[in-house]
Amino acid sequence: MTFTISDPRLIVRANDVFVAEETLKVGHNGYFDARLIRRAGGVFDIEVFMKLQFFFVDAKDWIIEIMQWEFEDDDERIWAQAERHDYMRKWHKLIRSTWNRMHVGRIGHSPDMKLGTFVHPEELGQTRPVNVNFNFFIQEAGWMQDHFEIEVFKAPDGIVSGFGSVERRRDLLDQVLYDADVEIDSNSLAPRSEKQAEMIREKSGVPAEAGYTTAAHEFGHMIGLDEDYANPIYSHDPCSVMHHGPDVYPRHYRLLLSWADAKLKRSG
Ligand SMILES: [Zn+2]
């Protein structure tokens, strides 16, 4: 058995990194802080740090009317403190278990070739695997220099998650456009059952897949990804997390990888 002493080397540290595809290219603040690290053995780690502020919204009459929600009793319309803490803890767990991934792709570069220099064959076109690791600083309400504000609306317990959206709160001129960056409801962490998926398919024609969670899908937007269902290249695959399914693919890390690759090339 061999042991390697871990020798992480920080290549770059960046605050308020801005990565976004077409429809999410708004907002003056970045999406996250990040570090690119080279580990012993040449493997790269992208460590993402996101500062989040959660706001819990009780079910008011206007939203009950729009969503046609039915509550058992008035207590169910209100977020209890224990429920709020539970939601944040479970959100954190769900996102890390869904999105933290080893070997999502490879980055790297070939050394510049100077005439007459010997380059070891292994150095030629060398790329190395990349792991991605998401970390969160989470705070409820109050004040914070955050990357995203997340509003969680109280919905009746146990129903299918009703909505989710990510819109940058401020535009490039620093004007406030929305109340929050992210809007989800209290059922957004529950994976869709096969029965629920079938019901949605029949009722609305949306190609819903079992195992999908709204929170994991919206998180994809929080790392700059557009809808897969709106993209002709990916729209054939409803199992994708950015479509109506549960699956995270290596291509979903493309924005992070191109950020890291650009940093690596610049660092020489
Ligand atoms: Zn979406």
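**Helix α2 and the strands around it**

The buried residues of α2 pack against β4 (101–108), β5 (127–140), β6 and α4 (214–222). Here a residue is called buried if 20 or more other C-beta atoms lie within 10 Å of its own, exposed if 12 or fewer, and partly exposed in between, with C-beta atoms placed from the backbone. Helices (H or I, at least four residues) and strands (E, at least two) are DSSP runs, numbered from the N terminus. The structure is a predicted model, in which local features need pLDDT of at least 70 and side-chain atom pairs count only at pLDDT 80 or more, while totals for chains, interfaces and linings use all residues. Residues are numbered from 1 along each chain as its sequence is written.

A word on confidence comes next. The pLDDT is the predictor's confidence in each residue, from 0 to 100. Its mean over the chain is 88, and 87% of the residues reach 70 or more. Among the elements, helix α2 (residues 81–99) has the highest mean pLDDT, at 98, and helix α5 (residues 254–267) the lowest, at 88.

Helix α2 itself repays a closer look. Its 19 residues reach 27 Å from the first C-alpha to the last, close to the 27 Å expected at 1.5 Å a residue; the expected span is 1.5 Å times one less than the number of residues. Tyr87, Trp91, Ile95 and Trp99 are buried in α2. These four lie on the same side of the helix because they cover an arc of only 50° around the axis, the arc being that of the directions from the helix axis to the C-beta atoms. On the other side of α2, the exposed residues are Ala82, His85, Asp86, Arg89, Lys93 and Ser97.

The chain as a whole has five helices and eight strands. Along the sequence, these follow the pattern β-β-β-α-α-β-β-β-β-β-α-α-α. Of the 268 residues, 27% are buried. Two residues are in contact if their C-beta atoms, placed from the backbone, lie within 7 Å. Among contacts between residues at least 6 apart in sequence, 68% join residues at least 24 apart.

The strand pairings can be followed one by one; two strands pair if DSSP finds at least two bridges between them. Strand β1 (residues 9–17) pairs with strand β2 (residues 32–38) in the antiparallel sense over six bridges, and alanine 14 stands opposite alanine 34 in β2. Strands β2 and β3 also run antiparallel, joined by six bridges, with alanine 34 opposite valine 48 in β3. Five residues lie between the strands in this hairpin of β2 and β3, where glycine 41 takes a positive phi near 90°. Strand β3 is joined to β5 by 11 bridges, and the two run parallel; valine 48 stands opposite phenylalanine 134 in β5. Strand β3 (residues 44–57) also runs parallel to strand β6 (residues 148–153), through six bridges. In that pairing, phenylalanine 54 stands opposite isoleucine 150, and phenylalanine 56 has valine 152 as its bridge partner. From β6, four bridges lead to strand β8 (residues 182–185), again with the strands running parallel. There, phenylalanine 153 has aspartate 185 of β8 as its bridge partner.

Attention then turns to the nonpolar core, defined as a set of buried Ala, Val, Leu, Ile, Met, Phe, Trp, Tyr and Cys residues joined through C-beta atoms within 7 Å. The largest such core has 42 residues, of which Ile46 and Ala260 touch the most other members. Strand β3 gives the most to this core, with seven residues. Leaving aside neighbours within four places in sequence, isoleucine 46 is in contact with Ala34, Leu36, Val130, Val132, Leu256 and Ala260. In soluble globular proteins, nonpolar side chains tend to be buried together.

Arginine 201 completes the account, in helix α3 (residues 194–204). This arginine 201 counts as partly exposed because there are 15 C-beta neighbours inside 10 Å. Leaving aside neighbours within four places in sequence, arginine 201 is in contact with Val206, Pro207 and Ala208.
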